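Below is a guided reading of one protein model, meant for someone who is meeting it for the first time. Please look over the sequence and the structure before going on.

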Amino acid sequence: MTKLTAKEIVDLNKEYTFFSWSAQGALKPIPVTRAEGVYFWDADGKRYLDFASQLVNQNAGHQHPKIVKAIQDQAAILTFVSPSAATEPRGLLGKKLAEITPGDLKKTFFALGGAEANENAIKIARFYTGRNKILARYRSYHGATHGAIALTGDYRRLPAEPAMPGVVHFLDPYCYRCPFGWTRETCQRECIKHVEEVIQYEGPDQIAAIIMEGVTGTNGLIIPPDDYWPRVREICDKYGILLISDEVMSGWGRTGEWFAVDNWGVVPDIITTAKGITSGYVPLGAVIVREKIAKYFDDHVLSAGLTYNGHALACAAALATIETYEEEKIFENAKKVGKYLGQRLEKLKQKHPSIGDARYIGLFTALELVRNRETKEPLDPTPLKSFLIANGVYVFGFKNVLFIVPPLTITKEQLDEGLTMIDEGLAELMDTQVNGKS
Ligand SMILES: Cc1ncc(COP(=O)(O)O)c(C=O)c1O
């Protein structure tokens, strides 16, 4: 039980702490006091169904007893020791990551979150190749620190510029709004040819790495065509460019596999990850590299460091989280329930003219809302989000895209609870704004 009232909690938070990505004045944060499974509660006892997994990180659901116990047990023995020391949870987690990542990805540099993981992946790629440039996509988010925000292609990069030099952006495989003007029927993978063209213009021997989200998350859930990752892999091999998969959001069963690239059998040179590695219970990020890169640093200095590199408590939390994923077959559930969710989203799309596109892979799903299906004019989902949150369904959106990304432990019945509200909200608040024929 908290000692403070809901208002006191909100007032203190607003007066003394900053919230992300917002002008602070008008914010109305939910004063959250407890959580369990797919639900959380505010200080007034109102229950919310978590259709966002908070920030797409609570993959094992909230407060899973096994993970909580592992954190408690580790805290009782050793919470932290210098990053120059070796510890049991750090060693065991490193080994486990080598086992579950694809191919010969082997050795991990630990960080505290996604941005730090990407910062260090870029350093590693630059040291290893001796090259400077990094290619990233426009519809991407890679974190908010100086280097990670430079990688980020979306609008959040602009206020931070000039950020880290050497990053070049390219266009996305966004089939619903193909940047090359094609449709799924006429497509000839111009998006892949474009990658090679950009490489040619930028000088192949100057490019250290290409970084892409396994499946693009925040920027609208963009799922690439099946041959996209394999063919970009080939292009990277042709020019000696490292391929980095940012699996911060798309990893840990979100797509039904350990990592999104596993859907296409691709072995990147580096995987960066965070979020679901501990189901968000304790901050942790990781940069996992292939054996040849790991070996390079046997006799070259890895000029990177963090006080919390290999944090014992965080590593123990990650080990327990991974065990939980395996023991409870949580990714199998993501696949099974995800298939059902995909079918439900297709039905919603048939019914509601305000849905332009429904995208889904595992329990990574989103609805793109439009005012008109022909012109694809974006429709702002803010009224729908407010309606859902008022009715106890917690969602997050990006521009005109509404995400449905619950904990991977969710049942069909719990999904139906939230989908019923979405159905109602779409009819009342979104379809009524549609114009033109649909
Ligand atoms: C794909 C991706 N990369 C990196 C990050 C940054 O992670 P963090 O906020 O832990 O720094 C995020 C955060 O949402 C993300 O979605």
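Leaving aside its neighbours within four places in sequence, which residues is L313 in contact with? In this predicted model, L313 is in contact with I71, Q74, A75, L78 and T79 once those close sequence neighbours are set aside. L313 is found in helix α10, and it is buried, with a relative accessible area of 15%. The C-alpha atoms of L313 and D73 are separated by 9.2 Å, although these two residues are 240 residues apart along the chain.

**The chain as a whole**

The protein chain holds 13 helices and 16 strands. Its radius of gyration is 22 Å, close to the 22 Å that the globule rule gives for 438 residues, so the chain is as compact as a globular protein of that length. Taken along the principal axes, the box filled by the C-alpha atoms is roughly 65 × 60 × 40 Å. Of the 438 residues in the chain, 54% are buried, and the accessible surface comes to about 19,000 Å², with 53% of that surface belonging to carbon and sulfur atoms. Among contacts with a separation of 6 or more, 72% are between residues 24 or more positions apart.

**Two helices**

Helix α10, residues 312-327, has 16 residues that should span 22 Å at 1.5 Å a residue, and its end C-alpha atoms are indeed 22 Å apart. Because 13 of the 16 residues of α10 are buried, this helix is largely enclosed by the rest of the structure. Just after α10, K329 takes a positive phi of about 50°.

Helix α5, residues 114-129, also has 16 residues, and it reaches 22 Å from its first C-alpha to its last, close to the 22 Å expected at 1.5 Å a residue. The buried residues of α5 include G114, A115, N118, I122 and R126. Just after α5, G130 takes a positive phi of about 70°.

**Salt bridges**

The structure holds 29 salt bridges, and three of them are set out here.

| Pair | Closest N to O distance |
|---|---|
| R233 and D237 | 2.8 Å |
| R233 and D269 | 2.9 Å |
| D357 and R359 | 2.8 Å |

R233 and D237 both lie in helix α8, residues 228-239, where they are four residues apart, about one turn of the helix. R233 lies in helix α8 and D269 in the loop between β8 (242-246) and β9 (270-273), so this pair ties together parts that are 36 residues apart in sequence. R233 is buried, with a relative accessible area of 10%, and D269 counts as buried at 0% relative accessibility.

In the pair formed by D357 and R359, D357 is buried with a relative accessible area of 7%, and R359 is buried with a relative accessible area of 8%. Elsewhere, salt bridges that share partners join D104, R233, D237, D269, R290 and K292 into one network.

**A nonpolar patch on the surface**

Which residues make the nonpolar surface patch of about 320 Å²? The patch is made by L4, L12 and Y16. L4 lies in the segment before α1, which covers residues 6-16, and at 37% relative accessibility L4 counts as partly exposed.

Terms used:
Residues numbered from 1 in each chain as written. Predicted model: local features only at pLDDT ≥ 70, side-chain atom pairs only at ≥ 80, totals over all residues. Heavy atoms only, no water. Patch = residues over 30% accessible without salt bridge, like charges linked within 9 Å, V, L, I, M, F, W, Y side chains within 5 Å. Areas by Shrake-Rupley, 256 points an atom, 1.4 Å probe, with all protein chains shown as cover. Salt bridge = Lys/Arg side-chain N within 4 Å of Asp/Glu carboxyl O. Helix = DSSP H or I, 4+ residues; strand = E, 2+ residues; numbered from the N terminus. Buried < 20%, exposed > 50% of the residue type's maximum accessible area, 1.4 Å probe, protein only. Expected span 1.5 Å × (residues − 1). Rg over C-alpha atoms; globule rule 2.2 N^0.38 Å. Contact = heavy atoms within 4.5 Å.
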